[in-house]
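Here is a short set of exercises to work through with the model open beside you. Try each task before you read its solution.

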Amino acid sequence: MGIGLQAFLLGLLTFLVPLDWWTGTSNISRPIVTSVFVGLIFGDIRAGIIIGGVLELAFVGAITIGAARPPDIISGGILGAAFALMTGKGAGFALTLAFPIAALFLIVDNVLTLLVIPIFAKKADGYAQKADLKGVSRMHILSFVTVKLLPRALFVSLAFYFGSPIMKTILNAIPQFVQDGINIAAGIMPALGFAILLQMLLKKNVLVYLVIGFVLYSYLHVPIMGIAIIGTVIAVILAAYDTKIEAMSKAITDGGANDDDF
Amino acid sequence: MTTSDIEKATPKPTNEEHETVTHKDLMQIFWRSFTLEASWNFERQQHMGYAFAMAPLLNKLYKHDKKKKTEAAERSLEFFNSSPPLTPFIMGIAASMEEKNANTDDDFDTHGITAIKTALMGPLAGIGDSLFWGTLLVIAIGIGTSFAAQGNIMGPILFLLIFNIPNFLLRYLGVTKGYQIGAKLLGNIQNSGIMATLMHAATVVGLVVIGGMSGSMVSVKVAGQVGQGKAITTIQSMLDSILPNMLSLAVVFLIYWLLKKGVKTSYLLLGIFIFGIIAAFFGILKV
């Protein structure tokens with residue numbers, strides 16, 4: 001497959017996966033999913049899936065919470081996986097390339113969101129004044145296509161087309177210890193994602209649950225699926241207990257009130 | 001024959017002011033709520049997405065009243081931002097209020113609709129974020145990547161199923177229950193402690209899974225050996241005999257501590273790369 005066709009297909013993929021935000025925030029734009037298709041484009045689905053798994057873990061903290069915007073995992077994930085598959089380098093390189101690309105496109109996306117969407121939003125206000133709800137809906141669709149679909153697809157296509165000839169030379173010039181270092185860093189990277197999540201979840205009285213999960217894996221080698229099930233069971237038991245205590249305390253206070261009446 | 005033709009052909013109901021919300025209308029909100037984030041922007045965030053979801057219903061309810069329809073359209077374009085899986089619930093409640101407004105003569109206070117939207121989007125965003133992004137996505141990533149590491153296509157498939165089955169189910173329940181509840185029972189839900197219990201339960205599952213993944217997916221391996229001759233052992237196997245994966249957990253807590261100290265994510269990212277390369281250069285860690 002020629003590089004032109006590959007660049008086109010990668011652009012097409014990048015055009016389609018933001019449909020994530022058209023399909024109920026279904027997470028189809030996450031690297032674990034997109035890498036399957038990048039693998040398909042480069043004729044090695046298996047390698048694509050493996051790279052996707054590593055990228056996904058590294059980007060575990062890259063989630064939208066509130067209004068804070070994470071790096072653009074779509075362009076970073078797709079281009080990172082594409083360059084790694086093209087050069088035959090491993091997942092560590094996909095990761096190294098993915099982060100700066102994701103950070104770069106976040107800037108582009110922010111600028112476009114800042115400058116272009118308000119134009120459509122203003123038009124939508126105009127349609128609303130005329131009670132034209134179809135017009136309002138059209139502005140929603142136009143914002144999506146012009147800001148979220150087209151620019152990123154163009155960016156990925158061009159970056160791959162012009163970047164890939166030099167990428168091989170650059171990657172081969174990197175000394176062995178740097179390559180090892182990158183892979184060591186790739187192994188540590190999920191820790192950053194988990195730490196970001198812990199900021200949201202961790203309080204002193206719930207630290208023990210983290211320890212339970214850790215021990216289940218480290219000593220008992222329970223697969224993550226099993227750990228998730230055990231975690232859910234613990235949560236259900238706790239919730240039932242919570243509800244019971246609440247009902248009991250309510251009964252006690254009600255009883256107390258009755259005593260006063262007596 | 002298009003839908004608008006059908007509408008024209010169907011005789012108007014005897015009481016032409018009375019328009020009700022049907023199950024079909026709610027399903028339309030359900031499907032169109034999928035696009036909530038598509039035109040996200042800094043100023044009013046998900047406002048056009050909200051309007052897009054409500055548009056067909058508002059068109060129907062205010063078919064005969066252009067003034068109210070204009071107000072409803074403008075109301076739907078007010079600032080909106082919440083957790084996407086929970087917004088159909090807010091939309092269902094808003095639908096019941098818009099219905100009431102459409103069928104009452106002018107004495108309905110439409111500020112109530114805005115007030116309910118605003119009152120709900122904040123707390124529900126918090127719950128939805130920790131439930132879906134803090135817990136469910138983490139579980140989906142944990143299970144998905146453990147399959148993907150072997151190149152197994154079940155990885156991405158399970159990832160999508162684990163996240164989206166609850167996602168779509170909650171959206172369906174949200175819009176239907178939201179409409180049934182209307183605005184009246186909200187106080188009860190918030191007071192009953194159900195929300196707090198749910199949040200706590202979600203946190204527990206999330207933490208158990210993150211604990212497991214800290215062991216299984218963070219890899220820190222020390223290079224080098226100690227001892228001589230037959231007594232030679234790798235430093236890594238010594239560490240493992242004390243507490244397996246202890247360095248992985250330590251690194252998670254170290255980064256957590258640095259984040260708490262206010263170190264920026266981008267610096268930590270760069271720091272991890274530099275640390276990895278230095279560690280490889282001096283042969284401290286191995287791949």
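**Exercise 1. Find how many salt bridges cross the interface of chain A and chain B, and work out where the partners sit.**

Step 1. Apply the rule, in which a side-chain nitrogen of Lys or Arg lies within 4 Å of a carboxyl oxygen of Asp or Glu. Across the interface of chain A and chain B this finds 1 salt bridge.

Before going on, a word on the ground rules: this is a predicted model, where local features need pLDDT of at least 70 and side-chain atom pairs count only at pLDDT 80 or more, while totals for chains, interfaces and linings use all residues. Residues are numbered from 1 along each chain as its sequence is written, chains are lettered from A and ligands numbered from 1 in the order in which they are written, and side-chain values use heavy atoms, with hydrogens and water left out.

Step 2. Name the pair: B:Arg44 bridges to A:Asp125, with the closest N and O atoms 2.8 Å apart.

Step 3. Check how covered each partner is, taking buried as under 20% relative accessible area, exposed as over 50% and partly exposed as in between (1.4 Å probe, protein chains only). B:Arg44 is buried at a relative accessible area of 15%, whereas A:Asp125 is partly exposed at 26%.

**Exercise 2. Describe the salt bridge of B:Glu19 and B:Lys63, and say which parts of chain B it ties together.**

Step 1. Take the distance: the two side chains meet at 3.5 Å, N to O.

Step 2. Place the partners, with helices (H or I, at least four residues) and strands (E, at least two) read as DSSP runs numbered from the N terminus. B:Glu19 is in the loop between α1 (3–9) and α2 of chain B and B:Lys63 in the loop between α3 and α4 (66–76) of chain B, so the bridge ties together parts 44 residues apart in sequence.

Step 3. Compare the surroundings: B:Glu19 counts as buried at 8% relative accessibility, and B:Lys63 is partly exposed at 43%.

Step 4. Look for shared partners. One network of salt bridges joins A:Asp125, B:Glu43 and B:Arg44.

**Exercise 3. Do the same for A:Asp72 and A:Arg152: are they buried or exposed?**

Step 1. Start from the total, which is 9 salt bridges over all chains. In one of them the side chains of A:Asp72 and A:Arg152 meet at 2.8 Å, N to O.

Step 2. Locate the ends. A:Asp72 belongs to the loop between α3 (45–58) and α4 (73–87) of chain A and A:Arg152 to helix α7 (residues 133–173) of chain A, so parts 80 residues apart in sequence are tied together.

Step 3. Read off the accessibility: A:Asp72 and A:Arg152 are both buried.

**Exercise 4. Give the extent of the contact between the two chains.**

Step 1. Count residues in contact (heavy atoms within 4.5 Å): 94 from chain A and 105 from chain B.

Step 2. Take the buried area, the accessible area (1.4 Å probe) that two parts lose on being put together, summed over both. The chains bury about 8,800 Å² between them, 78% of it on carbon and sulfur atoms.

Step 3. Find the main contributors on chain A. A:Leu133, A:His140 and A:Phe214 supply 9% of the area that chain A buries against chain B, more than any other three residues.

**Exercise 5. Which residues touch the most other members of the largest nonpolar core?**

Step 1. Define the set: buried Ala, Val, Leu, Ile, Met, Phe, Trp, Tyr and Cys residues joined through side-chain atoms within 4.5 Å.

Step 2. Among the 108 residues of the largest core, those touching the most other members are A:Leu10, A:Val38, A:Phe42, A:Phe160, A:Phe194, B:Met213 and B:Ile255. Helix α8 (residues 176–201) of chain A gives the most to this core, with 14 residues.

Step 3. Follow one member. Neighbours within four places in sequence aside, B:Met213 has contacts that include A:Leu57, A:Phe194, A:Ile224 and B:Val138.

Step 4. Look beyond it: another core, of 48 residues, lies apart, with B:Ala55, B:Leu58, B:Ile93 and B:Ala102 among its members.

**Exercise 6. How far apart are the domain centres of chain B?**

Step 1. Bounds come from an automatic or database domain assignment, which gives domain 1 (13–209) and domain 2 (219–286) in chain B.

Step 2. Taken over C-alpha atoms, their centres are separated by 44 Å.
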